[in-house]
Amino acid sequence: MATLKLTVLGSGTSMGVPSIGCQCRVCRSPDPFDQRLRPSVLLQFANRNVVIDTSPDFRQQVLRTGVQRLDALVFTHGHADHILGLDDIRPFNLKQKSEIPVYAASETLATLRRTFAYIFDGSPSMSSLPGVRLNIIEGPLQLFGLTITPIPAEHGDMGVLGFRFGRAAYLTDFSSVPKSSMALLGGLDDFILDALRYEPHPMHSNVEQSLALLAEVKPKRAWFTHICHDLPHAETNAALAGRCPGTIVQLAYDGLSFEVQV
Ligand SMILES: [Zn+2]
Ligand SMILES: [Zn+2]
Ligand SMILES: [Zn+2]
């Protein structure tokens with residue numbers, strides 16, 4: 001049975017935790033589990049490294065994880081907290097002497113083209129530019145022998161893609177999951193999913209909504225991500241214990257890493 005190693009590079013919401021200028025108890029917490037960079041995960045398999053989303057903390061995340069090469073980027077959607085680190089792939093371009101393939105839905109590719117117009121407008125540049133090759137996600141991806149299946153979901157008034165690989169799935173930034181995508185979430189060992197906070201939010205699943213989804217999906221383990229400063233790590237984990245019979249539910253954290261059967 002083949003395995004991949006999944007590492008959570010960032011488990012925080014768009015502003016990160018601590019948030020700039022905030023004096024709340026989580027932002028001032030000495031617990032390292034209460035420090036959350038912006039959302040991203042790393043998949044390592046067959047000597048390949050695939051990163052889902054280039055957060056504004058991409059450079060720091062890659063440095064502290066010791067990633068030596070980058071083989072592909074996959075994007076969930078085009079919000080700033082998921083794409084703004086794209087410029088920092090340049091050292092990989094230089095080291096590998098190649099472009100990095102990028103996979104995203106067509107709307108997300110349009111956002112990348114607009115946000116990073118200097119990469120794509122063809123105007124001469126005296127400095128280095130990120131080298132990318134854009135590919136539209138229209139169905140399951142085959143990357144270096146791994147099948148990555150997109151899971152379309154709603155993120156407020158826009159679309160977002162979750163991804164399934166073997167017995168794990170990653171679904172950040174969703175407000176609801178359509179019935180057609182629920183079938184893609186059966187038989188999971190590990191499910192990493194958005195649970196921003198306790199309070200409802202128009203674009204994000206909250207703790208109660210994500211627990212309700214887990215009661216249907218029934219993975220062995222669930223890890224909440226895209227977490228804001230309303231959720232202290234240890235206290236929230238204690239409150240989550242036993243909330244979803246048959247599923248161990250915990251907050252994800254930066255550096256969380258586990259093997260996935262694929
Ligand atoms: Zn986000
Ligand atoms: Zn705070
Ligand atoms: Zn978003």
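The following legends describe close-up views of a predicted model.

Local features are given only at pLDDT of at least 70 and side-chain atom pairs only at pLDDT 80 or more, whereas totals for chains, interfaces and linings use all residues. Residues are numbered from 1 along each chain as its sequence is written, chains are lettered from A and ligands numbered from 1 in the order in which they are written, and side-chain values use heavy atoms, with hydrogens and water left out.

**View 1. The site of the zinc ion (ligand 3) is formed by His77, His79, His155 and Asp173.** The donor atoms are NE2 of His77, ND1 of His79, NE2 of His155 and OD of Asp173, at 2.1 to 2.4 Å. Donors are N, O and S atoms within 2.8 Å of the metal (3.2 Å for Na, K and Ca); water is not among the atoms, so sites may look incomplete. The arrangement is irregular because the four donor atoms subtend angles of 93 to 166°. Four donors count as tetrahedral if all angles lie between 85 and 135 degrees; four count as square planar and six as octahedral if opposite donors are over 155 degrees apart and all others between 65 and 115; anything else is irregular. Along the chain, the donors follow the spacing H-x1-H-x75-H-x17-D. Distant parts of the chain are linked by the pair His79, in the loop between strand E4 (72-74) and helix H2 (80-83), and His155, in strand E8 (residues 146-155), which are 76 residues apart. Helices (H or I, at least four residues) and strands (E, at least two) are DSSP runs, numbered from the N terminus. His79 is partly exposed, its relative accessible area being 26%, whereas His155 is buried at 0%. Buried means under 20% relative accessible area, exposed over 50%, and partly exposed in between (1.4 Å probe, protein chains only).

**View 2. Asp173 coordinates both the zinc ion (ligand 1) and the zinc ion (ligand 3), which are 3.5 Å apart.** Around the zinc ion (ligand 1), the protein donors are Asp81 (OD), His82 (NE2), Asp173 (OD) and His226 (NE2), lying 2.1 to 2.3 Å from the ion. This site is irregular, with angles of 93 to 165° among its four donor atoms. The sequence spacing of the donor residues is D-H-x90-D-x52-H. Here the pair linking distant parts of the chain consists of His82 in helix H2 and Asp173 in the loop between strand E10 (168-171) and H6, 91 residues apart. Both His82 and Asp173 are buried.

**View 3. Three cysteines and one histidine coordinate the zinc ion (ligand 2).** The donors are the SG atoms of Cys22, Cys24 and Cys27 and the ND1 atom of His229, at 2.0 to 2.3 Å. Angles of 105 to 115° among the four donor atoms make the arrangement tetrahedral. In sequence, the donor residues are spaced C-x1-C-x2-C-x201-H. Cys22 is partly exposed at 22% relative accessibility, as is Cys24 at 23%.

**View 4. Helix H7 (residues 207-217) has the buried residues Val207, Ser210, Leu211, Leu213, Leu214 and Val217.** These residues lie on the same side of H7, because they cover an arc of only 160° around the axis. The arc is that of the directions from the helix axis to the C-beta atoms. The buried residues of H7 pack against helix H6 (179-182), strand E11 (190-194), strand E12 (221-225), helix H8 (233-240) and strand E13 (248-251); contact means heavy atoms within 4.5 Å. H7 is followed by Lys218, which has a positive phi near 55°.

**View 5. Strands E12 and E13 pair in the parallel sense over four bridges.** Two strands pair if DSSP finds at least two bridges between them. The bridge partner of Trp223 is Gln250 in E13. Side chains alternate along E13: Val249 and Leu251 point to one face and are buried, while Ile248 and Gln250 point to the other and are not.

**View 6. Helix H4 (residues 106-115) has the buried residues Thr108, Leu109, Thr111 and Leu112.** Seen down the axis of H4, these residues fall within an arc of 155° and therefore line one face of the helix. The exposed residues Glu107 and Arg114 are carried on the face of H4 turned away from its buried side. The cover of the buried residues includes H2, strand E5 (100-104), helix H5 (117-120) and strand E6 (132-136).
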